[in-house]
Amino acid sequence: MIAYNLFIGFKRLACPDEWIKHTIGTFRWKMIQVVGRIVKHSRSVFLKIASGVEKLKIYMGIRRKVYELSLAFD
């Protein structure tokens, strides 16, 4: 129950508005089950995603919102 409530909170606070209606399975299929690779090069870490620019923009938007939320609780 706690995991479900955390997922609902994450979805409502950090994800795009059109993703609020997605179930856990749909969310996992669209966001987590994406082929990618973490690459370390020149003391930098990169995430290479085998997906389009649209999905990258969604990832970056979620990351930005999560960061902004973390500042609110600082």
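Let me begin with a term: a residue is called buried when its relative accessible area is under 20%, exposed when that area is over 50%, and partly exposed in between. Glu-68 comes out at 43% relative accessibility, and it therefore counts as partly exposed. I should say at once that what we have here is a predicted model, and everything that follows is computed from that model.

I start with Glu-68 for its partner. A search of the whole structure finds 1 salt bridge, and that bridge joins Arg-64 to Glu-68, with the closest N and O atoms 3.6 Å apart. Both residues belong to helix α3, residues 53-72, where they sit 4 residues apart, about one turn of the helix. As a general point, an α-helix has 3.6 residues a turn, so residues three or four places apart point the same way. Arg-64, for its part, has a relative accessibility of 45% and so is also classed as partly exposed.

Let me stay with α3 for a moment. This helix has 20 residues, and from its first C-alpha to its last it reaches 29 Å, which is close to the 28 Å expected at 1.5 Å a residue. Which of its residues are buried? They are Lys-55, Ile-58, Gly-61 and Ile-62, and because these buried residues fall within an arc of 120° when one looks down the axis of α3, they line one face of the helix. On the other side of α3 we find Val-53, Lys-57, Arg-63 and Tyr-67, which are exposed. The buried residues of α3 pack against α1, residues 2-14, and α2, residues 24-32.

Turning to α1, its 13 residues should span 18 Å at 1.5 Å a residue, and the end C-alpha atoms are indeed 18 Å apart, which agrees. The buried residues of this helix are Phe-7, Ile-8, Lys-11 and Ala-14, and what covers them includes α2 and α3.

That brings me to the core. In soluble globular proteins, nonpolar side chains tend to be buried together. In this model the largest nonpolar core has 9 residues in all, namely Phe-7, Ile-8, Ala-14, Cys-15, Trp-19, Phe-27, Met-31, Ile-58 and Ile-62. The elements that contribute two or more residues to this core are α1, α2 and α3, and the largest share, 3 residues, comes from α1. Cys-15 is a useful member to look at: once its neighbours within four places in sequence are left aside, Cys-15 is in contact with Phe-10, Phe-27, Ile-62 and Lys-65.

Finally, the aromatic rings, for which the count comes to 3 aromatic pairs. In one of them, Phe-10 and Phe-27, the ring centres are 5.9 Å apart and the planes stand at 85°, so the pair is edge-to-face. This pair links distant parts of the chain, since Phe-10 lies in helix α1 and Phe-27 in helix α2, 17 residues apart. The two partners differ in their surroundings: Phe-10, at 29% relative accessibility, counts as partly exposed, whereas Phe-27 is buried, with a relative accessible area of 8%. Phe-27 also pairs with Trp-19, and because their centres are 5.9 Å apart with the planes at 85°, that pair is edge-to-face as well; here Trp-19 and Phe-27 are both buried. Taken together, Phe-7, Phe-10, Trp-19 and Phe-27 form one aromatic cluster.

Conventions
Residues are numbered from 1 along each chain as its sequence is written. This is a predicted model: local features need pLDDT of at least 70, side-chain atom pairs count only at pLDDT 80 or more; totals for chains, interfaces and linings use all residues. Side-chain values use heavy atoms; hydrogens and water are left out. A salt bridge is a side-chain nitrogen of Lys or Arg within 4 Å of a carboxyl oxygen of Asp or Glu. Buried means under 20% relative accessible area, exposed over 50%, partly exposed in between (1.4 Å probe, protein chains only). The expected span of a helix is 1.5 Å times one less than its number of residues. The arc is that of the directions from the helix axis to the C-beta atoms. Contact means heavy atoms within 4.5 Å. A nonpolar core is a set of buried Ala, Val, Leu, Ile, Met, Phe, Trp, Tyr and Cys residues joined through side-chain atoms within 4.5 Å. Rings of Phe, Tyr and Trp (its six-membered ring) pair if their centres lie within 6.5 Å; planes under 30 degrees apart count as stacked, over 60 as edge-to-face and the rest as tilted.
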